[in-house]
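Visitor: I would like a close look at one part of this structure, the packing of its helices. Please go through it slowly, and then place it beside other parts of the chain.

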Amino acid sequence: MSKNRYEKSEELLELALKSIPLGSQTFSKSITQLPFGVSPYFVKKAKGAYFWDVDNNQYLDFSNALASVTLGYCDSDVDSAVKKQMECGVTFSLPHTLEADVAKILIDAIPCAEQVRFAKNGTDATSGAVRVARAFTGKERVAVCGYHGWQDWYIGSTTKNLGVPKCVQDLTHVFSYNNIDSLKNILEKYPDEFAAVIMEPMSGEYPKDNFLEKVKELAHNSGALLIFDETVTGFRVSYGGAQELFGVTPDLATFGKGLANGYPLSALVGKEKYMVIMKDIFFSGTFGGETLSLAAAKAVLEKIKREKVLEHLSKLGEYLHKELDQLLSELDMLPLISYTGHPSWSFLIFKDKDNTTSWELKTFFMQEMFKRGIFTIGAQTISYEHNQKDIDKLLHAYKEVFSMMKDYVKDGVLQSKLDCETLKPLFSVR
Ligand SMILES: Cc1ncc(COP(=O)(O)O)c(C=O)c1O
């Protein structure tokens, strides 16, 4: 019998599950998302576009730490900035001047940014933004579109609402991207009760028919602030974020993920007239001004600007999309698979077909991609370390895996080709 490719991962998972619920700190890195028997669970090290799991399997990574590693792993500029800062200390008894240095870079880069506050996770920043909006407007309801993190005010509006008080859930209303009527209806149902409209300015779809402009107008007409959650789009789709790319400036915006190439840092930015209220609301944490992440962010932002990093991501992503279009049509795959998103961050969409479910397709896809040394759960997250050869490797694997999927679906046997249980549709926000 051949050696189990994920033997060590599975042993360590068994141990981890004894001390850590789900065995992971991040839902998207847990067993709920990675089918047991065909997935790695623990990473040993990473460099550039690759990582190695604890069984020493090497992966070309298209997840890139959930889109937080834009420059690639262990970027030398970021690493040396962090090491230099480490020699001077990490967290102090007073603020460090790096806070104002990085704030100034963000203000220069982002159209709506006149003032800045830092935090650690994207969730901190979106939650701070909603609190600013509630404090400024004196209203309580929020309209949400996309994913905004784990705090009560947002997660209460999803199927993962266990533990969120009903009275908090009742204040959050979901609207759909590119469906202006869905926002109009909720704002009209509760006139003058909305503090904020918060949304991902783009996740899968591009805005159509002036959607963002219309959202801004509706939000302002109802007395609410417009918040763009740029946790993913920030420092990925454009240096000034999606607000710069689409030419629509919100009142407040939040950044995280790629801001510091994997170091924990997020930022809430916005117009001064709203941000000043942060003097009065409470938004404060021991590690808010932690300097390794700020030093990393400074190095990231300087490098993105200096080396045209984002042009590289877009160009490679455009190449991928062009070749993928061709592959999907050549293999007549569109009834099973399509894709959506910006060239720098896009993802495959698996579809139900005949007796095969989209979840069976996705599970099979992951099983086969992982086996081929490519880490993707459907995302095509491009980093600065990827090159055209890497994209060709991805496409080569797609060709093999898609062809198998097509044949197995046609013959009604895909389910029998799974070496694991099918993933369950637990939670979907996009
Ligand atoms: C658009 C968006 N907003 C907010 C968040 C929450 O960020 P974090 O997980 O850092 O709290 C995420 C995380 O995936 C996100 O994609």
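Visitor: Is the crossing of α3 and α12 right-handed or left-handed?

Guide: The crossing of α3 and α12 is right-handed. The model is a predicted one, and every value here is computed from it. Two packed helices are described by the angle between their axes and by the distance between those axes. Helix α3 covers residues 76-86 and helix α12 covers residues 291-306. Their axes are 8 Å apart, and the packing angle is about 150°. Angles over 145 degrees count as roughly antiparallel, so α3 is roughly antiparallel to α12.

Next come the residues that make this contact. From α3 they are D77, V78, A81, V82, Q85 and M86. From α12 they are T291, L292, A295, A296, A299, V300, K303 and R306. Sorted by class, the contact of α3 with α12 has nine nonpolar residues, two polar ones and three charged ones.

Helix α12 also packs with helix α4, residues 98-109. Here the axes come within 10 Å and cross at roughly 35°. The crossing of α4 and α12 is left-handed, whereas that of α3 and α12 is right-handed. On the α4 side, the contact is made by L98, E99, D101, V102, I105 and L106. On the α12 side, T291, L294, A295, A297, K298 and L301 take part. This contact of α4 with α12 divides into eight nonpolar residues, one polar residue and three charged residues. T291 and A295 of α12 appear in the contact with α3 and again in the contact with α4.

Ahead of α12 in the chain is a loop that joins α11 (272-275) to α12, and D280 lies in that loop. D280 has a relative accessible area of 66%, so D280 is exposed. The C-alpha atom of D280 is 8.9 Å from that of A135, although 145 residues separate the two along the chain.

Another helix pair can be described in the same terms. Helix α8 (residues 180-189) and helix α9 (residues 211-221) have axes that come within 10 Å and cross at roughly 5°. The helices α8 and α9 are therefore roughly parallel to each other. In this contact, I180, L183, K184 and L187 of α8 meet F211, K214, V215, L218 and A219 of α9. By class there are seven nonpolar residues, no polar ones and two charged ones in the contact of α8 with α9.

From helix pairs we turn to nonpolar cores. In soluble globular proteins, nonpolar side chains tend to be buried together. The largest nonpolar core of this model has 105 residues, and F402 and M405 touch the most other members. Helix α15 (residues 388-410) gives the most to this core, with 10 residues. Leaving out residues up to four places away in sequence, M405 touches M333, L336, I337, F350, L361, F364, F365 and L414. There is also a second, separate core of 25 residues, and A129, W153, L268 and F283 are among them.

F402 comes up again in the contacts of L331. The position of L331 is in the loop between α13 (309-330) and β11 (337-342). L331 counts as buried because its relative accessible area is 14%. Beyond residues up to four places away in sequence, L331 touches K399, F402, S403 and K406. L331 and G156 are 175 residues apart along the chain, and 41 Å separates their C-alpha atoms.

In the segment after α15 is F427. With 22% relative accessibility, F427 counts as partly exposed. Not counting its neighbours within four places in sequence, F427 is in contact with F27, Y147, I155, T158, T159 and K160. The C-alpha atoms of F427 and Q169 are 17 Å apart, while these positions lie 258 residues apart along the chain.

Finally, two residues have positive phi values without being glycine. One of them is L22, with phi near 70°. L22 is found in the loop between α1 (7-19) and β1 (43-47), and at 36% relative accessibility L22 counts as partly exposed. The other is A67, whose phi is about 65°. A67 lies in helix α2, residues 64-67, and at 2% relative accessibility A67 counts as buried.

Key:
Residues numbered from 1 in each chain as written. Predicted model: local features only at pLDDT ≥ 70, side-chain atom pairs only at ≥ 80, totals over all residues. Heavy atoms only, no water. Axes fitted to C-alpha atoms, helices over the stretch in contact; angles between N-to-C directions. Helix = DSSP H or I, 4+ residues; strand = E, 2+ residues; numbered from the N terminus. Parallel < 35°, antiparallel > 145°, perpendicular 65-115°, else oblique. Left-handed = near helix turned anticlockwise from the far one by under 90°. Contact = heavy atoms within 4.5 Å. Nonpolar A, V, L, I, M, F, W, Y, C, P; charged D, E, K, R; others polar. Core = buried A, V, L, I, M, F, W, Y, C linked by side-chain atoms within 4.5 Å. Buried < 20%, exposed > 50% of the residue type's maximum accessible area, 1.4 Å probe, protein only.
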